[in-house]
Amino acid sequence: MNVADSRRLASALEKLGYQPTRVPKEADVIVLNTCVVRQSAEDKAIGRLSSLKPLKDKNPDLVINLMGCLIGVRGNTKIQEKFPWVDVVSPPSHPEPLIELLIQRNAKNQSLEKQSELNAILDEEISLPEDEKGRLVSAYIPIVYGCSHACTYCIIPSKRGVEHSRPYDEIMAEARALVNQGVKELTLLGQIVDRYGLDLPEKPTLASLLRDLHSIEGLKRIRFLTSHPNWMTEELLDAVAELPKICPHIEVPIQAGDDEILRAMRRGYTAAQYRELVHNIRERIPGVSIATDIIVGFPGETEEQFQKTYEVLDDLRMDVAHLARYSPRTGTYSERKMEDDVPEAEKMRRFRMLESLQEEIATEINSRLMGKTVNVLFEEKSRGRWRGRTPTNKLVFVESEEDLLGQERDVNITWTGPWSLIGSLQE
Ligand code: SAH
């Protein structure tokens, strides 16, 4: 979501005449877009923020913009007191404060009507930043902003605000604009992406959006994330199964395998219902890959309860598991009402157990691709190797002198590991 927000902001900055640089000390404007989903992310953001102070000391004209969840939709007044080298703060998905400030400072714009210029710049269609034009193969499009589910551990609803879907036509226009600029793959984003449209007057569904996006010429692949189990409709699964451009890859977090913990997390389903869903997804979408998220060490999680999570992961054999240790987030229900009582070392032990289980599972799943031919969309060449993904989201590396950027090619798999594959182009 932050990558998408940053790109929109970069697009607006270029309309004001700014250009990207990779060298921080050359920059006139630095935007730090932040995440606070876990303490580690917040620490990283604060670390980066601190590292910007010397640049500001050397160049007082430098504009430093702190954006994202460290600010949040309700604002964060303390942050500028604590870090006075920050010039302007912006909530997640809201580039306006920075653009407004720059318009004000920009002498040549003084004669223009400020508000209308701001609107014009931000309403214009997204245009890829200079360094990505013709090179960006895969782009994100936010389709649902915010979240209203309120899982007890999660800070996102309070930082990104209430759930609201983007208008259908706006998404279609952005998709076409990106494809016209060379993008081949789109990933639709939402905290609960499968709730798309429920808050819009015409109640469009994610499935209908996928069908319309599917007809965009030049677009090769479409993905969406993240789904909540309770909103995965048959209509959605059918759309994924039927439409060849929709990648057979589902990101649907379980978070825990014990019903009591799931209830305490306020996830709204049982482990049995989740198992049933995975079964259903696999039945309807042949060859589908499934990714899940899991939190270990939620308040009160006993060894027995953790074992249930272990068992579910062992039984369901997911392609990918994003693992996290519970991190109490200020203001969330679990932080206020529950004790963070699983010791750090124990969280780590549970984390490592799932990690090695998942490594075994992924090794086994991926080894079945050995000697097989897979279709790969190439995104980037780095350190002499082309990097791309299969429709099932497996990372594939290929050595080739050809320019493969943005191409979909058949690849023979010659090596498999838990996290990636290696292959050679099929002649
Ligand atoms: N709505 C998105 C949430 C993105 S956050 C989704 O459902 O995927 C990504 C993951 O971070 C969550 O799925 C969860 O596993 C993890 N997470 C969120 N809050 C956390 C917390 N307080 N401590 C540890 N992990 C957390």
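Modeller: A polar contact is a pair of N or O atoms within 3.5 Å, and with that idea in hand we can begin to read this model, which is a predicted one.

Biologist: Which backbone atoms lie at such a distance from a nitrogen atom of the ligand?

Modeller: A polar backbone atom of Tyr153 is 3.0 Å from a nitrogen atom of the ligand, and a backbone N or O atom of Gln191 lies 2.9 Å from a nitrogen atom of the ligand. From a side chain there is also Thr226, with an N or O atom 3.5 Å from an oxygen atom of the ligand. As for cover, the ligand taken alone exposes 540 Å², and the protein buries 87% of that.

Biologist: How many residues surround the ligand, and which are the closest?

Modeller: There are 15 residues around the ligand, the closest being Arg38, Gln191, Gln255, Asp293 and Ser327. By character, the shell divides into seven nonpolar, four polar and four charged residues. The strands β10 (289-296) and β11 (320-325) each supply at least two residues of that shell.

Biologist: Let us turn to a helix. How should I read which residues of α12 are buried?

Modeller: The general idea is that an α-helix has 3.6 residues a turn, so residues three or four places apart point the same way. In α12, the buried residues are Ala271, Tyr274, Leu277, Val278 and Ile281. Because these residues cover an arc of only 115 degrees around the axis, they sit on the same side of α12. On the other side of α12, Ala272, Glu276 and Glu283 are exposed.

Biologist: What span should the 14 residues of helix α12 have?

Modeller: At 1.5 Å a residue, helix α12 (residues 271-284) should span 20 Å, and its end C-alpha atoms are 20 Å apart, which agrees.

Biologist: What joins Leu225 and Thr226?

Modeller: The bond between Leu225 and Thr226 is a cis peptide bond, which is read from its omega of about 0 degrees. Thr226 itself lies in the loop between β8 (221-225) and α10 (234-242), and this is the residue whose side chain has an N or O atom 3.5 Å from a ligand oxygen atom.

Biologist: Where is Arg383 found, and is Arg383 buried or exposed?

Modeller: Arg383 is in the loop between β12 (373-382) and β13 (385-389), where its phi is near 45 degrees, a positive value in a residue other than glycine. Exposed means over 50% relative accessible area, so Arg383, at 84% relative accessibility, counts as exposed.

Definitions and conventions
Residues numbered from 1 in each chain as written. Predicted model: local features only at pLDDT ≥ 70, side-chain atom pairs only at ≥ 80, totals over all residues. Heavy atoms only, no water. Near = heavy atom within 4 Å. Polar contact = N/O pair within 3.5 Å; in protein donor to acceptor, adjacent residues only side chain to side chain. Areas by Shrake-Rupley, 256 points an atom, 1.4 Å probe, with all protein chains shown as cover. Helix = DSSP H or I, 4+ residues; strand = E, 2+ residues; numbered from the N terminus. Nonpolar A, V, L, I, M, F, W, Y, C, P; charged D, E, K, R; others polar. Expected span 1.5 Å × (residues − 1). Buried < 20%, exposed > 50% of the residue type's maximum accessible area, 1.4 Å probe, protein only. Arc of directions from axis to C-beta.
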